[in-house]
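Visitor: Before we begin, please take me through this structure and justify each term as you use it.

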Amino acid sequence: MLRGLSKLTWLELKIFLREPLGAIGTIVIPVLIFIIVGRMIGPKSASAAVAANSFIGVGLPVLASILIAISAVLSLVTIISIYREGGILKRLRATPLRPQTILTAHVLVKLLLTAATLVLMVLAGKRYYPIGIHPPLFSFTIALLISTCSILSIGFLIASIVPTARFAQPVGALIMYPMLGFCGLFTPIAAFPPAIHAVALMVPLTYAVSLLGGIWLREPWSTHLGDVAALALVFAICTALSSKVFRWE
Amino acid sequence: MRPVIQVSGVRKTYGSTVAVDEVSFDVHDGEIFGLIGPNGAGKTTTMECIEGLRKPDRGEISVLGLHPFRDVYKLQERIGVQLQQAQLQKRIKVWEAVDLWASLYRKKAVDANHLLEQLGLAEKRNAWFMTLSGGQKQRLFIALALINDPEVVFLDELTTGLDPQSRRAIWELVRGIRARGKTVFLTTHLMEEAERLCDRVAIIEHGRVIDIDAPQNLVNRHCPERSVVLATDDANAVERFRAIPRVEAVACNGSHFTIRGRGDDLVTEVIHCLSENRIRVTDFRTILPNLEDVFLKLTGHSIRD
């Protein structure tokens with residue numbers, strides 16, 4: 001079914017790292033910013049107000065995760081649309097390769113890069129955020145994987161239909177960034193007025209934020225089964241739809 | 001024997017534009033079949049319908065006994081395709097592309113190194129796609145089209161944009177494909193390419209097939225005119241030339257004469273006349289019609305317009 005997946009994934013990873021800004025843009029810069037921000041506010045706020053502390057302690061890792069996932073979505077959407085515009089997808093179509101294989105390969109590449117970025121951040125965090133946070137790394141990784149797959153599946157869907165590379169980035173950003181405002185990362189969704197609260201419940205990121213934040217604070221998985229189910233549902237719908245509407249050219 | 005490709009009554013529209021209409025032809029085992037016509041005539045659309053990349057609105061297509069759209073993955077296993085204006089990832093290396101393609105097919109791939117060698121790409125195996133010249137890219141696409149040892153090879157505007165030298169080299173490669181017993185289906189708007197390469201051609205214009213045959217048969221059928229151009233100072237030349245059987249017109253421009261007539265015997269008759277009357281000539285050449293003239297005759301305009 002997914003013949004050629006491992007080779008294509010490995011190849012796409014190599015090709016990505018050959019891009020002039022490939023590795024630097026996706027891995028080095030986020031980690032550097034993380035370290036710089038950490039040096040500036042990390043140690044001071046350790047003893048500062050509780051609100052700031054809780055943002056550093058919970059909000060920041062969750063925000064970082066979500067932002068990385070969103071940038072992975074934008075990059076996925078852009079690459080696929082460049083491939084579509086350049087006729088690369090069309091050439092791949094004239095083989096026994098299936099669209100799912102192509103998308104999966106790119107998602108795997110994004111997951112690997114995301115993982116690499118996060119591992120570096122965690123290592124940097126240990127050094128620059130001496131607040132005594134000991135998050136459950138294994139559970140958080142699982143939660144992150146679930147969230148990222150779900151968020152990336154939205155990217156799948158956008159990538160399947162965006163016609164040109166020029167549109168890809170803005171369309172992706174237009175869909176993804178507004179979600180940030182509703183997802184409860186900056187304001188708890190319980191504090192929203194009812195109408196906006198309803199919107200927040202429709203936004204897939206809300207469940208990712210809830211899951212990631214909860215797991216980071218060592219809440220049991222059983223309290224987040226709803227989040228996992230919602231994210232799985234988003235993933236199922238988006239992947240099914242994207243293979244239906246996938247445009248080769 | 002059943003034709004390798006059977007196309008009958010195919011129609012394809014894009015919105016209100018009819019790209020291809022009532023197109024029918026057969027392609028036989030082991031031949032090089034060319035679909036020729038100007039840009040926008042419907043060549044690529046027809047080819048992509050046969051490859052299973054587009055779904056015709058009407059009509060029947062069978063390739064190797066398969067339905068191109070329903071059995072598209074089965075079909076892809078058995079055919080090799082080179083697309084017009086295709087690209088690969090900019091920074092994919094030549095050997096990586098060939099290696100990836102080899103992994104996509106169930107069937108055991110042909111020896112990639114040997115293939116690259118044959119196509120003159122052995123030295124470029126570590127080069128990025130974006131650094132290849134037009135001819136090298138085209139040869140790489142041929143390599144990808146041949147990697148699964150296909151039974152039918154599709155080549156769309158194979159040599160467009162290449163210099164004459166690369167073009168000739170690629171023609172030689174295509175003849176090599178036929179020599180290995182494969183069937184080749186190609187499109188081109190270059191009449192010279194069709195004449196030199198194709199066993200049979202279908203002339204397509206405005207989405208319709210006008211005629212199908214071997215290039216020479218098409219020329220004989222539609223353009224029986226022959227011309228001989230010669231230079232002589234003989235004072236009685238005009239009368240003598242007019243007396244040659246089958247000659248229809250003799251034009252004279254100083255010492256240069258153009259003798260027009262019909263049929264393959266015209267040239268022999270002219271030579272016979274020259275020798276019989278001991279006419280001394282300082283120049284002699286024949287102008288034979290070609291596919292270009294056939295196209296002009298059939299459509300009323302040149303293929304380049």
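**The contact between the chains**

Visitor: How many residues does each chain give to the contact?

Guide: In this predicted model, chain B contributes 20 residues to the contact and chain A contributes 18 residues. On the side of chain B that touches chain A, the elements giving two or more residues are α2 (72-78) and α3 (94-104) of chain B. The most comes from α3(B), with five residues. By class, this side of chain B has 11 nonpolar, five polar and four charged residues.

Visitor: What makes up the secondary structure of each chain?

Guide: Chain A has 10 helices and zero strands, and its pattern along the sequence is α-α-α-α-α-α-α-α-α-α. Chain B comes to 11 helices and 13 strands. Its C-alpha atoms fill a box of roughly 75 × 45 × 35 Å along the principal axes.

Visitor: How much of each chain is buried?

Guide: In chain A, buried residues make up 41% of the 249 residues. In chain B, they make up 40% of the 305 residues.

Visitor: What share of the contacts joins residues at least 24 apart in chain B?

Guide: Among contacts in chain B between residues at least 6 apart in sequence, the share is 70%. In chain A, residues 24 or more positions apart account for 83% of the contacts with a separation of 6 or more.

**A helix of chain A**

Visitor: How do you know that the length of α10 (residues 225-245) of chain A agrees with its number of residues?

Guide: At 1.5 Å a residue, the 21 residues of this helix should span 30 Å. The end C-alpha atoms of α10(A) are 30 Å apart, so the two values agree.

Visitor: Which residues of α10(A) are buried, and why are they said to be on the same side?

Guide: The buried residues in α10(A) are A:D227, A:L231, A:V234, A:C238, A:T239 and A:S242. They cover an arc of only 120 degrees around the axis, and therefore lie on the same side of α10(A). The face turned away from that buried side carries exposed residues, namely A:L225, A:G226, A:A229, A:A236, A:A240 and A:K244.

**Cores and domains**

Visitor: Which residues have the most contacts inside the largest nonpolar core?

Guide: That core has 135 residues, and those with the most contacts inside it are A:V73, B:A97, B:V98 and B:A143. Helix α3 (residues 50-85) of chain A supplies the largest share of this core, 13 residues. As for B:V98, its contacts beyond four places in sequence are B:A112, B:L115, B:L116, B:A143, B:L144 and B:I147. A second, separate core of nine residues includes B:L230, B:F241, B:V270 and B:L274.

Visitor: Where do the domains of chain B lie?

Guide: The domain assignment gives domain 1 (5-215) and domain 2 (224-288) of chain B. The C-alpha centres of these two domains lie 44 Å apart.

**Individual residues of chain B**

Visitor: Why is B:L35 called buried?

Guide: A residue is buried if 20 or more other C-beta atoms lie within 10 Å of its own. B:L35 has 28 other C-beta atoms within 10 Å, and is therefore buried. The residue is in strand β3 (residues 32-36) of chain B. B:L35 touches B:K43, B:T46, B:M47, B:T187, B:A202 and B:I204, leaving aside residues up to four places away in sequence. B:L35 and B:V201 are 166 residues apart in sequence, while their C-alpha atoms are 5.7 Å apart in space.

Visitor: What is notable about phi in B:L64 and in B:D149?

Guide: Most residues other than glycine have a negative phi. B:L64 is not a glycine, yet has a positive phi of about 55 degrees. Phi of B:D149, also a residue other than glycine, is positive and near 50 degrees. B:L64 lies in the loop between β4 (58-63) and α2 of chain B, and B:D149 in the loop between α5 (134-146) and β6 (152-156) of chain B.

Visitor: Are B:L64 and B:D149 buried, exposed or partly exposed?

Guide: A residue is exposed if 12 or fewer other C-beta atoms lie within 10 Å, buried at 20 or more, and partly exposed in between. B:L64 has 19 other C-beta atoms within 10 Å, so B:L64 is partly exposed. B:D149 has 15 C-beta neighbours inside 10 Å, and therefore also counts as partly exposed.

Technical notes
Residues are numbered from 1 along each chain as its sequence is written. Chains are lettered from A and ligands numbered from 1 in the order in which they are written. This is a predicted model: local features need pLDDT of at least 70, side-chain atom pairs count only at pLDDT 80 or more; totals for chains, interfaces and linings use all residues. Helices (H or I, at least four residues) and strands (E, at least two) are DSSP runs, numbered from the N terminus. Two residues are in contact if their C-beta atoms, placed from the backbone, lie within 7 Å. Ala, Val, Leu, Ile, Met, Phe, Trp, Tyr, Cys and Pro count as nonpolar, Asp, Glu, Lys and Arg as charged, and the others, Gly among them, as polar. The expected span of a helix is 1.5 Å times one less than its number of residues. The arc is that of the directions from the helix axis to the C-beta atoms. Domain bounds come from an automatic or database domain assignment. A nonpolar core is a set of buried Ala, Val, Leu, Ile, Met, Phe, Trp, Tyr and Cys residues joined through C-beta atoms within 7 Å.
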